[in-house]
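This report introduces the reader to a few helices and the residues around them. Please keep the sequence and the structure in view while reading.

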Amino acid sequence: CDVILEPSLGDGSFIAAANGAAASRGWMRPEFVATELNPRAASDVVARGLVTADELVVGDFLDAPIRPVDAAIGNPPYVRLRALPAAQAESAMAAALADLGSPMMTSGSVWMPFVSRAAEFLRPGGRMALVLPWDMTYVKYARPLWQYLAETFGDLRVVRVRERLFPDISQD
């Protein structure tokens, strides 16, 4: 049975899709390691039966204890560090420094340490699929992440989707 990480649970869409994919193939339900900062969103996903309370950490993913997983899926937040509350910005900076070995630029966005920290959860041979902003391919602050990903994974694939996946938000 695979163990799947969802570092920013939100409404549970990615967990629901993983459960649906497993069921359609006749596989066992995956075990989940999920994190959600918003307590109301977290309780809603538990109430809908997508994850159990034991599979969920309510709080900052970047402060959550690392548990070994086989895969990571999700859509991390695209919030700039300077727009975060001080404690969350410090958490993001600390995670980036620990994972990447260099300080994160303050112009950066929190999706970056979410990616590096999710990779830290992966067992050898683990897989990761995250929805990320296209600017990850060219912003200066992401260079340490690219170096880290190149050293961590044997195969990297970036898939650019040109249509809007989430039409209700102002992010392509």
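Which residues does Ile15 touch, not counting residues up to four places away in sequence? In this predicted model, the residues that Ile15 touches under that condition are Glu6, Leu9, Phe32, Leu50, Val51 and Ile73. Ile15 has its place in helix H1, and because its relative accessibility is 0%, under the 20% cut-off, Ile15 counts as buried. Pro30 stands 15 residues apart from Ile15 along the chain, and the C-alpha atoms of the two are separated by 9.3 Å.

**Two helices and their spans**

The table sets out helices H1 and H3, with the reach of each from its first C-alpha to its last and the span expected at 1.5 Å a residue.

| Helix | Residues | Number of residues | Reach | Expected span |
|---|---|---|---|---|
| H1 | 13-24 | twelve residues | 16 Å | 16 Å |
| H3 | 86-100 | 15 residues | 21 Å | 21 Å |

**Helix H1**

In H1, Ile15 is joined by Ala18, Asn19 and Ala22 as buried residues. Seen down the axis of H1, these buried residues fall within an arc of 100°, so they line one face of the helix. The elements that cover the buried residues of H1 include strand E1 (3-6), strand E2 (31-36) and strand E4 (69-74). After H1 comes Gly26, which has a positive phi, near 75°.

**Helix H3 and its neighbours**

The buried residues of H3 are Ala89, Ser91, Ala92, Ala95, Ala96, Asp99 and Leu100. When H3 is seen down its axis, its buried residues fall within an arc of 160°, and they therefore line one face of the helix. Ala86, Ala87, Glu90 and Ala98, on the other side of H3, are exposed. Helix H4 (111-121) and helix H5 (143-152) are what the buried residues of H3 pack against. Just after H3, Gly101 has a positive phi of about 80°.

How do two such neighbours lie with respect to each other? Two packed helices are described by the angle between their axes and by the distance between the axes. For H3 and H4, the axes come within 9 Å and cross at roughly 50°, an angle that makes H3 oblique to H4. This crossing of H3 and H4 is left-handed. On the H3 side, the contact is made by Ala92, Ala95, Ala96, Ala98, Asp99 and Leu100, while H4 contributes Met112, Pro113, Ser116, Arg117 and Glu120. Ala98, then, takes part in the contact with H4 and is also listed among the exposed residues of H3.

Notes
Residues numbered from 1 in each chain as written. Predicted model: local features only at pLDDT ≥ 70, side-chain atom pairs only at ≥ 80, totals over all residues. Heavy atoms only, no water. Helix = DSSP H or I, 4+ residues; strand = E, 2+ residues; numbered from the N terminus. Expected span 1.5 Å × (residues − 1). Buried < 20%, exposed > 50% of the residue type's maximum accessible area, 1.4 Å probe, protein only. Arc of directions from axis to C-beta. Contact = heavy atoms within 4.5 Å. Axes fitted to C-alpha atoms, helices over the stretch in contact; angles between N-to-C directions. Parallel < 35°, antiparallel > 145°, perpendicular 65-115°, else oblique. Left-handed = near helix turned anticlockwise from the far one by under 90°.
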